[in-house]
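Colleague: I would like to learn how to read a fold from its features. Can we take them one at a time?

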Amino acid sequence: MKALENKREKQEEFPEMSMRQRADIRARKRKKQLRLRWIIMNSIIALCIILGVLVVKAISLNRENTRKEAAKEAAAEKKKNAAKQTPVPTATPTPAPVGSERWLRKDLDPSKPMIAMTFDDGPYSPVTEKILDVFEQNNGKATFFCVGSRVSEYASSVQRAYNMGCEIASHTYSHVYLTRLKAKGIKKEQNKTNKAIRNIIGCEPTALRPPGGFVNAKVRKNMKVPMICWSVDSEDWKSRNTKKVLKRCKKLEDGDIVLMHDLYPTTAKAVKKLVPRLVKQGFQLVTVDELFYYKGIPIKAGELHFSGK
Ligand SMILES: [Zn+2]
């Protein structure tokens with residue numbers, strides 16, 4: 001009954017319109033409503049996307065800021081700690097042979113810069129003695145990487161160096177490149193040198209410098225002591241020129257290990273000028289064992305080290 005009345009009312013609303021015209025109007029109205037709904041929906045979606053993007057950006061910005069702050073804090077903490085810490089002396093893990101404590105003084109100042117001067121291929125008394133004179137006068141210590149086959153001939157220089165507190169180390173028995181040898185040969189080169197040195201000073205070396213600095217896995221595996229190379233090469237063997245040697249040693253730094261050879265008079269002359277200069281600059285002239293001890297760098301048998309930096 002009610003539906004019939006509604007129909008009648010609608011017909012009265014548009015009395016002059018035909019059925020088709022009324023349908024057209026209704027269709028247009030529906031179309032308009034649909035378009036409106038489509039616009040609203042799209043607007044909502046667009047708004048959601050914009051909001052999403054903004055949220056993601058805000059989160060990442062926040063994260064970055066947190067990260068930056070954390071990095072800043074860590075850097076500040078590190079700086080604080082570095083300023084607080086002075087190198088802590090540590091004992092070398094390699095068991096030290098009795099007698100080697102002579103070349104490891106325990107009363108040095110760890111906060112003062114240190115340099116380890118090292119002399120290879122000797123001993124050779126005419127030069128070694130001159131170098132020892134300089135270190136004696138300046139209360140400095142050095143390390144002598146001796147060739148085993150030479151030590152008995154120049155035993156008095158080896159003994160003097162040891163008595164002075166210098167380190168007597170190994171440079172193999174015959175100055176052969178260890179990388180060319182088999183395990184047996186590598187061991188023999190060490191044992192023969194150790195014996196020759198022990199016969200003079202009563203204790204064995206705690207460090208070895210491989211001739212030429214050449215090392216491979218087999219050498220590492222069969223090495224009884226740490227291997228010490230160098231960070232500054234004076235090239236004294238090449239130039240045989242005092243001035244050139246001094247030039248190569250012009251910018252020495254804390255922790256450097258300097259390579260020289262106690263075979264050449266030009267090297268002894270360079271040492272005579274260089275050592276007092278370094279002492280004046282505030283450097284402590286130490287043995288290689290002392291350098292690693294005071295820099296807190298543990299050195300193990302078979303390892304290769306180049307400096308105390
Ligand atoms: Zn050599």
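Colleague: Which residues have the most contacts inside the largest nonpolar core?

Modeller: Keep in mind that this is a predicted model. Its largest nonpolar core has 61 residues. Those with the most contacts inside it are Ile-115, Phe-144, Cys-146, Val-158, Ile-168, Val-258 and Leu-291.

Colleague: What is the wider setting, in terms of helices and strands?

Modeller: The protein chain has 10 helices and eight strands. Of its 309 residues, 34% are buried. Take the contacts between residues at least 6 apart in sequence: 79% of them join residues at least 24 apart.

Colleague: Back to the core. Which residues does Cys-146 touch, leaving out those up to four places away in sequence?

Modeller: Cys-146 touches Gly-122, Pro-123, Val-151, Val-158, Ile-168, Ser-170, His-171 and Ile-197. Two of these, Gly-122 and Pro-123, share a peptide bond that is cis, with omega near 5 degrees. Pro-123 sits in the loop between strand 1 (114–120) and helix 3.

Colleague: Ile-168 came up twice. How do I read its strand, and which residues of strand 3 lie on each side?

Modeller: Look at the two faces separately. In strand 3 (residues 167–170), Glu-167 and Ala-169 are on one side, and Ile-168 and Ser-170 are on the other. All four are buried, so both faces are covered, by the cut-off of 20 or more other C-beta atoms within 10 Å. Next, look at the pairing. Strand 2 (residues 143–146) runs parallel to strand 3, with four bridges between them. Phe-144 is opposite Ile-168 there.

Colleague: Now strand 6. How many of its residues are buried?

Modeller: Five of the five residues in strand 6 (residues 257–261) are buried. Ile-257, Leu-259 and His-261 point one way, while Val-258 and Met-260 point the other way.

Colleague: Which sense, parallel or antiparallel, does strand 6 take with strand 1?

Modeller: Parallel: five bridges join strand 1 to strand 6. Ala-116 has Ile-257 as its bridge partner. Strand 5 also pairs with strand 6 in the parallel sense, over two bridges. In that pairing, Asp-233 faces Leu-259.

Colleague: On to helices. At what angle do helix 3 and helix 9 pack?

Modeller: Read the angle and the distance between axes together. Helix 3 (residues 125–137) and helix 9 (residues 265–280) pack at about 5 degrees, and their axes are 9 Å apart. The two helices are therefore roughly parallel to each other.

Colleague: Which residues meet in that contact?

Modeller: Helix 3 brings Val-127, Lys-130, Ile-131, Val-134 and Phe-135. Helix 9 brings Pro-265, Thr-267, Ala-268, Val-271, Lys-272 and Val-275. Eight of the contact residues are nonpolar, one is polar and two are charged.

Colleague: Last, backbone angles. What is the phi of Thr-172?

Modeller: Check the sign, then the residue type, then the surroundings. Thr-172 has a positive phi of about 75 degrees, although it is not a glycine. Thr-172 lies in the loop between strand 3 and helix 5 (183–201). Thr-172 counts as buried because it has 24 C-beta neighbours inside 10 Å.

Colleague: Where does Glu-235 lie?

Modeller: Glu-235 is in the loop between strand 5 (232–233) and helix 7 (236–239). Glu-235 has a positive phi too, about 55 degrees, and is not a glycine. With 16 other C-beta atoms within 10 Å, Glu-235 is partly exposed.

Terms used
Residues are numbered from 1 along each chain as its sequence is written. This is a predicted model: local features need pLDDT of at least 70, side-chain atom pairs count only at pLDDT 80 or more; totals for chains, interfaces and linings use all residues. Axes are lines fitted to C-alpha atoms, for helices over the stretch in contact, and angles run from 0 to 180 degrees between N-to-C directions. Angles under 35 degrees count as roughly parallel, over 145 as roughly antiparallel, 65 to 115 as roughly perpendicular and the rest as oblique. Two residues are in contact if their C-beta atoms, placed from the backbone, lie within 7 Å. Ala, Val, Leu, Ile, Met, Phe, Trp, Tyr, Cys and Pro count as nonpolar, Asp, Glu, Lys and Arg as charged, and the others, Gly among them, as polar. A nonpolar core is a set of buried Ala, Val, Leu, Ile, Met, Phe, Trp, Tyr and Cys residues joined through C-beta atoms within 7 Å. A residue is buried if 20 or more other C-beta atoms lie within 10 Å of its own, exposed if 12 or fewer, and partly exposed in between; C-beta atoms are placed from the backbone. Two strands pair if DSSP finds at least two bridges between them.
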